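Here's a quick briefing on packing, a cavity and charge pairs. Take a look at the structure first.

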Amino acid sequence: MGQMVSDDKFEEQAARHGTCGIIKNGREILFQAFNWESNKHNWWSNLEEKVTDLAESGFTSVWLPPPTQSLSREGYLPQNLYCLDSCYGSLHELKLLLHKMSEHNVRAMADVVINHRIGTTQGSNGMYNRYDGIPISWDEHAVTSCSGGKGNKSTGDNFDGVPNIDHTQPFVRKDIIEWLIWLRNSIGFQDFRFDFTKGYAAKFVKEYIEESKPLFAVGEYWDSCEYSPPDYRLNYNQDSHRQKIINWIDNTGGLCAAFDFTTKGILQEAVKGELWRLRDPEGKPPGVMGWWPSRSVTFIENHDTGSTQGHWPFPSDHIMEMQIRKCQDIHSRSSIKILEVRSDLYSAIIDDKLCMKIGDGSWCPGDPEWRLAVSGDRYAVWHK
């Protein structure tokens, strides 16, 4: 069993710091509103037309692509953090989108890319690691020594080929905090998604959340799952993988959720006829959601794993949609009782309100109280 931190501890910390951090009802449904090709379209205006549909579909927060000026069209090589004219549209179009989202009670999540930043001018070693002529005009001391700067050694993994930000510098953290507060108060973002969080220590994410006070925050802590030679099949036991994510969440003081990459990795193998993977030795779900469900953001695809990048795609013929979650009040703190797992079947009861099965195997609940709510290719859901 991995080491977990209780929700009570988190809530005490959040109250002490006056930080919302994680919305506590666990009924959040996040929608990623872009893919790797969205920058080729008039995206802010395109999304504005879809806000009503998103609200009616029950989404509480919409994850938007990085809004800042960037050397890459997709937004992940930021330079001028205070310039919000990007390949996705103008600042004016962005504000119109955020205003409409606010009118429909859908929160806007900013994609916060603060592991690295592209300079405007060359430093002493010839690298573009000075930021002259733009707001937040750092010099080479804002860049880690392991990525060509004059700052301290990185507190995480290096993002190769670009200047990595040195978050140990107080002046750097001060500027980032002011920028995050500006995004919250002046622009209208309410939630944050922290990009490439393996690149800097989780304690800095904790500080940024405490000071900028997003309503919801989630981090991308993407580490490789464990595979064994000679065929390099995914190991059944992924406890060490999910423990790393648990540790990262804990080091943010529990203020930041994390994408459940463990569950994604297991699930996309399980649906290929290995549904036995979906129960750990303790009888619980085998990903982060099995150990700390209120801080786990489950997903099956994003702009990196899928879309035209396709770094780690989920089998497209196994994606299904269920609308029953909201009407049955199923949320991240709901209890899960896994009933049966085998290669072609997974069945479980959630909160004693909903019973479900996936896989080709034949199965239905024995209690006549359960009534079929919806069924489709390789799945069925019952409710009382």
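Is D329 buried, partly exposed or exposed? With a relative accessible area of 30%, D329 is partly exposed (between 20% and 50%, using a 1.4 Å probe on protein chains only; buried is under 20%, exposed over 50%). Keep in mind that this is a predicted model, where local features need pLDDT of at least 70, side-chain atom pairs count only at pLDDT 80 or more, and totals for chains, interfaces and linings use all residues. Residues are numbered from 1 along each chain as its sequence is written, and side-chain values use heavy atoms, leaving out hydrogens and water.

**Salt bridges**
- The whole structure has 25 salt bridges (a Lys or Arg side-chain nitrogen within 4 Å of an Asp or Glu carboxyl oxygen).
- D329 pairs with K353 at 4.0 Å, N to O.
- K353 is partly exposed too, at 30% relative accessibility.
- E274 and R277 meet at 2.6 Å, N to O, and both are buried.
- E140 bridges to R130 at 4.0 Å, N to O; E140 is buried at 6% relative accessibility, while R130 is partly exposed at 25%.

**Nonpolar cores**
- The largest nonpolar core (buried Ala, Val, Leu, Ile, Met, Phe, Trp, Tyr and Cys joined through side-chain atoms within 4.5 Å) has 69 residues.
- L64, F189 and F194 have the most contacts inside that core.
- A second, separate core of 20 residues includes V271, L278, Y379 and V381.
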